[in-house]
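Work through the following exercises with the sequence and the model at hand, and try each task before reading its solution.

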Amino acid sequence: MFYKDETIAVLIDGTSLYAASRGLGFDIDYKMLRQEFVRRGKLRRICFYTTISESDEYSSMRPLADWLSYNGYQVECKMVKEYTDSLGHRKIKRQVVVDLAVGAMELASSVDHLVIFAGDGDLCPAIKSVQRSGVRVSVVSTIRTQPAIVSDELRRQADNFIDLDELKSVIARPAREPSANVVQKPAMEPAE
């Protein structure tokens, strides 16, 4: 699946990865995720694509984006698009799939293997193009949630599909222990 002498680029759709890890019941340790792909080959680049709302004074994504930038990730932040649909309902578009596809095509000439953390089937044309240039593509997402995060079309197009659940042991943030200052309520005794 991975060869030590191959060059690797990792492209992450932050929203898709968040949904997949939450659906599987764990949080991602991004330092461990990066180390895992350094271990698997020659990591050329690791990119994180996300959206940030302009209207929010504080976004929980900003501290993560800053931390990732300082810790070896190339972070691509896109402003959330707000629009009104034909029925007059306000909608929010949070997709980064086009940016991720462009990133994949730009990196194709300088890597042997692309690892894409995403689930959107709209990535298939970009993946086909990258594969025609001789680059292997692994897609990381999950089919173990209800509904599955990854589209069947994307999973089939990839040279290799890795279920995120299989990486849990090496990229999950350790579960936090309950604080010693929190007093636990005793369980009620059953009435006799």
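**Exercise 1: the segment before the first strand**

Lys-4 is found in the segment that precedes S1, where helices (H or I, at least four residues) and strands (E, at least two) are DSSP runs, numbered from the N terminus. The model is a predicted one, in which local features need pLDDT of at least 70 and side-chain atom pairs count only at pLDDT 80 or more, whereas totals for chains, interfaces and linings use all residues. Residues are numbered from 1 along each chain as its sequence is written, and side-chain values use heavy atoms, with hydrogens and water left out.

Task: determine whether Lys-4 is buried or exposed, and list its contacts beyond the neighbours within four places in sequence.

Solution. Step one is the accessibility: Lys-4 counts as exposed because its relative accessibility is 58%, given that buried means under 20% relative accessible area, exposed over 50%, and partly exposed in between (1.4 Å probe, protein chains only). Step two is the contact list, with contact taken as heavy atoms within 4.5 Å: once the neighbours within four places are set aside, Lys-4 touches Arg-39, Arg-40, Gly-41 and Lys-42. For Arg-39, which is 35 residues away from Lys-4 along the chain, the C-alpha separation is 8.0 Å.

**Exercise 2: strand S1 and the sheet**

Task: establish how many residues of S1 (residues 7-13) are buried, and place S1 in the strand order of the sheet.

Solution. Begin with the side chains: Thr-7, Ala-9, Leu-11 and Asp-13 point one way from S1, while Ile-8, Val-10 and Ile-12 point the other way, and all are buried. Seven of the seven residues of S1 are thus buried, so the strand is largely enclosed by the rest of the structure.

Next, follow the pairing, for which DSSP must find at least two bridges between two strands. S1 runs parallel to S2 (residues 42-52), to which seven bridges join it, and Asp-13 has Tyr-49 as its bridge partner in S2. S1 also runs parallel to S6 (residues 113-117), here with five bridges, and Leu-114 of S6 is the bridge partner of Ala-9.

Finally, assemble the open sheet, whose six strands pair in parallel in the order S3-S2-S1-S6-S7-S8. Its edge strands, each pairing on one side only, are S3 (74-79) and S8 (160-163).

**Exercise 3: the cysteines**

Task: state how many disulfides the structure holds, and classify Cys-47 and Cys-77 by accessibility.

Solution. With a disulfide defined as a pair of cysteine sulfur atoms within 2.5 Å, the count is zero. Cys-47 counts as buried because its relative accessibility is 2%, whereas Cys-77, at 44%, counts as partly exposed. Cys-47 also has a bridge partner in S3, namely Gln-74.

**Exercise 4: two packed helices**

Task: describe how H4 (residues 97-107) and H5 (residues 124-132) pack.

Solution. First take the geometry: the helices pack at an angle of about 5°, with their axes 9 Å apart, where axes are lines fitted to C-alpha atoms, for helices over the stretch in contact, and angles run from 0 to 180 degrees between N-to-C directions. H4 and H5 are therefore roughly parallel to each other, a label for angles under 35 degrees. Then identify the residues: Ala-101, Ala-104 and Met-105 of H4 make the contact with Ala-126, Ser-129 and Val-130 of H5.

Terms used:
Angles under 35 degrees count as roughly parallel, over 145 as roughly antiparallel, 65 to 115 as roughly perpendicular and the rest as oblique.
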